[in-house]
Amino acid sequence: MSLPDSYLSVSQPAEGLYKDKGSKFIGYVFPVKDVEDIKEQINSLKELHPKARHICYAYRLGFTPEEARSNDDGEPAGSAGKPILNTILSTNVHFTLVAVVRYFGGTLLGVPGLIQAYKEASLEAFAASEIVEIEPMDTLEIRFNYPQMNEVMKVIKKYPIQIVEQEVNNDCWYMLTFPLRIADEVQIAFDKALELY
C-alpha cells in the first residue's frame, strides 16, 4: 500500500461534550503517530477521569482497513467503538484517535441511545478540532565535498527541500526533508549533481 500524496488529520487535541438523560459523554480527538502514542493518551484520560464509567475509543493510523480499530470498553458490543470509528472514517482523517469518556447518569440509554451518544460526542470533538492536510515527508542524508556545495544548493533550490541539520567543513553533511511524492526525483537529482566530481 503506497502512501497518498497527502492526507487529512487533526492539528492538535480538541474536545467536545454531549449529554443525554444525565449521562455525560466527553469526546476527545488527538493526532497520533503510533499504537504507543494511543496507549499514552488513553492512560492519561484514565488518570484525568478516574470516576468515569467507560472510556471507549477508536483510531485510524495508516491507510489500510487493518490500521483502524475500536474498543467498547465494557459497553454493549458495537454500541460505542464502532460509532466512534464511523465518525473517523466519515471525516476521512488518518493518524487520529477519538476517545469518549462516559459518566453514567443513572438512566440506561439502550443500544440505539448509546450509538447516538458516542457518535454525537465524537462529532462534537471533531467540530472543535482543526482538520489539516498533511503531506507525508521523506528524509535524506547526503555527504559531499565543499567544492560540490554549489551543485547541491541548485538541487535544494529547485525542489521544496528543507535543510534540517547540517555540518559544513571540507566534508559536508546535510539532513534534508521533502515531500515523499518527489523522493525518487530528488534522489536522482542529487546523484547527478554529485557524480560531476
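Does His94 count as buried or exposed, and at what relative accessibility? In this predicted model, His94 is found in the loop between α2 and β6, yet it counts as buried because its relative accessibility is 8%, which falls under the 20% limit used for that class. Apart from neighbours within four places in sequence, the residues in contact with His94 are Tyr7, Leu8 and Ser9, together with Arg60, Leu61, Gly62 and Phe63. The adjoining Phe95 is placed in the loop between α2 and β6 as well, and it has a positive phi of about 50 degrees although it is not a glycine. Asn92, which follows α2, likewise has a positive phi, near 60 degrees. Most residues other than glycine have a negative phi. A further case is Lys21, in the loop between β2 (14–20) and β3, where phi is positive and near 45 degrees.

From this loop one can step back to the chain as a whole. Its secondary structure comes to 5 helices and 10 strands, and its C-alpha trace spans about 75 × 30 × 25 Å along the principal axes. The radius of gyration is 23 Å, whereas a compact globule of 197 residues would have a value near 16 Å. Even so, buried residues make up 44% of the 197 residues, and among contacts with a separation of 6 or more, 69% join residues that are 24 or more positions apart.

The interior is best approached through its nonpolar cores. In soluble globular proteins, nonpolar side chains tend to be buried together. Here the largest nonpolar core has 21 residues, and those with the most contacts inside it are Phe25, Val29, Ile84, Tyr118 and Phe126. At least two residues of this core come from each of β3 (23–31), β4 (54–60), α2 (81–91), β6 (96–103) and α3 (110–128), with α3 giving the most, 6 residues. A second, separate core of 19 residues includes Ile156, Cys172, Phe178 and Ala183.

Helix α2 shows how one of these elements is covered. Its buried residues are Gly81, Pro83, Ile84, Leu85, Thr87 and Ile88, and what covers them includes β4, β5 (68–71), β6 and α3. Ile84 gives this packing in detail: leaving aside neighbours within four places in sequence, it is in contact with Cys56, Tyr57 and Ala58, with Val98 and Val100, and with Tyr118 and Ser122.

Helix α3 can be followed in a similar way through Ala121, which has its place there. Ala121 counts as buried because its relative accessible area is 0%, below the 20% limit. Not counting residues up to four places away in sequence, Ala121 touches Tyr18, Phe25, Gly27 and Val100. Val100 is thus named among the contacts of both Ala121 and Ile84. In contrast to these contacts, Ala121 and Pro160 are 39 residues apart in sequence and 39 Å apart in space, taken from C-alpha to C-alpha.

What does the chain present on its outside, and how much of it comes from carbon and sulfur atoms? The exposed area is about 10900 Å², of which carbon and sulfur atoms supply 49%. As for charge, the chain has 19 positive and 28 negative side chains, and the centres of the two sets lie 8 Å apart.

Methods. Residues numbered from 1 in each chain as written. Predicted model: local features only at pLDDT ≥ 70, side-chain atom pairs only at ≥ 80, totals over all residues. Heavy atoms only, no water. Core = buried A, V, L, I, M, F, W, Y, C linked by side-chain atoms within 4.5 Å. Buried < 20%, exposed > 50% of the residue type's maximum accessible area, 1.4 Å probe, protein only. Helix = DSSP H or I, 4+ residues; strand = E, 2+ residues; numbered from the N terminus. Contact = heavy atoms within 4.5 Å. Rg over C-alpha atoms; globule rule 2.2 N^0.38 Å. Areas by Shrake-Rupley, 256 points an atom, 1.4 Å probe, with all protein chains shown as cover. Lys, Arg positive; Asp, Glu negative; His and termini not counted. Charge placed at Lys NZ, Arg CZ, Asp CG, Glu CD.
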